[in-house]
Amino acid sequence: KKKSVFILLTVLILNLFSISGIAMTRSEFDAKLESLKQTYYQGKQQSEYEEGWTCFGYAYMIAKNVFGTSAKTWAISYDLNGVKAGDVVQYGNTTGSGHTIFVTNVSGDTITYTDCNSDYGIRSYQKAAIKYGHTHFLTDELRLT
């Protein structure tokens, strides 16, 4: 089970988009995300959010603002095949050296996501930058990019 920090050690998928009973169209989802980009814009450096610090706090904050409920109460899945737009995904070592993202789109085997602090590392909280439009293949070895 031990692998390098860049290879999937643990994947935790928090899913609300399709199973919570909250009906939301794709256009409503996109509109809410676009609205959030006004405050949480590309490159903005911010490390603390109501839901937590850096990548974790950012992903959970985006999810809460899109869906109106904390991702901390969502169902947990470990199946990468079930990832959908609106999911919060934690991968790597989820005890402190992993990464948390908010999935904005899934097309075939490619996910698109937004995150915070993907370019500075876990110890550089003051430089945590928000990014949109990351893409990655959805595989059993989801890698930090």
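Helices here are DSSP runs of at least four residues, numbered from the N terminus. Keep that in mind as you move through this predicted model.

**Stop 1: helix H1**

Select residues 26-39, which make up helix H1. Now pick out Glu 34 and Lys 37. Both sit in this helix, three residues apart, about one turn. Their side chains form a salt bridge, with the closest N and O atoms 3.0 Å apart. Are these two residues buried or exposed? Glu 34 is partly exposed, because its relative accessible area of 42% falls between the cut-offs of 20% and 50%. Lys 37 is partly exposed too, at 26% relative accessibility.

Stay on Lys 37 and add Tyr 132. Lys 37 lies over the face of the Tyr 132 ring, at 4.8 Å from the ring centre. So Lys 37 appears in two contacts on this tour: the salt bridge with Glu 34 and the place over Tyr 132.

**Stop 2: a network of charges**

How many salt bridges does a search of the whole structure find? It finds five. Go to another one by selecting Glu 50 and Lys 64. Their side chains meet in a salt bridge at 2.8 Å, N to O. This pair links distant parts of the chain, 14 residues apart. Glu 50 is in the loop between strand S2 (48-49) and strand S3 (52-53), while Lys 64 is in helix H2 (residues 54-67). Glu 50 counts as exposed, because its 65% relative accessibility is over the 50% cut-off. Lys 64 is partly exposed, at 27%.

Next, select Glu 51 and Lys 72. Their side chains also meet in a salt bridge, at 3.9 Å, N to O. Glu 51 lies in the loop between S2 and S3, and Lys 72 in the loop between H2 and strand S4 (75-77), so the pair ties together parts that are 21 residues apart in sequence. Check the surface around Glu 51. This residue is buried, because its relative accessible area of 7% is under 20%.

Now show Glu 50, Glu 51, Lys 64 and Lys 72 together. These four residues are linked in a network of salt bridges.

**Stop 3: the aromatic rings**

Switch to the rings. The structure holds six aromatic pairs. Start with Phe 29 and Phe 102. This pair is stacked, with 6.1 Å centre to centre and 25° between the planes. The pair links distant parts of the chain: Phe 29 is in helix H1 and Phe 102 in strand S6 (residues 99-107), 73 residues apart. Both Phe 29 and Phe 102 are buried.

Compare another pair, Tyr 40 and Tyr 49. Their ring centres are 6.1 Å apart and their planes stand at 50°, so this pair is tilted. Tyr 40 and Tyr 49 are both buried.

Which residues form one aromatic cluster with Phe 29? Add Phe 67, Trp 74 and Phe 102 to your selection to see that cluster.

**Stop 4: strands S5 and S6**

Keep Phe 102 on screen and select residues 88-92, which are strand S5. Five of the five residues of S5 are buried, so the strand is largely enclosed by the rest of the structure. Now add S6 to the view. S5 and S6 pair in the antiparallel sense, over four bridges. What stands opposite Phe 102 of S6? Select Val 88 to find out: Val 88 is the residue opposite.

**Last view**

End with Phe 102 in the centre of the window. Phe 102 stacks with Phe 29, belongs to the aromatic cluster, and stands opposite Val 88.

How values were computed: Residues are numbered from 1 along each chain as its sequence is written. This is a predicted model: local features need pLDDT of at least 70, side-chain atom pairs count only at pLDDT 80 or more; totals for chains, interfaces and linings use all residues. Side-chain values use heavy atoms; hydrogens and water are left out. Helices (H or I, at least four residues) and strands (E, at least two) are DSSP runs, numbered from the N terminus. Buried means under 20% relative accessible area, exposed over 50%, partly exposed in between (1.4 Å probe, protein chains only). Rings of Phe, Tyr and Trp (its six-membered ring) pair if their centres lie within 6.5 Å; planes under 30 degrees apart count as stacked, over 60 as edge-to-face and the rest as tilted. A charge sits over a ring if NZ of Lys or CZ of Arg is within 6 Å of the ring centre and within 35 degrees of the ring normal. Two strands pair if DSSP finds at least two bridges between them.
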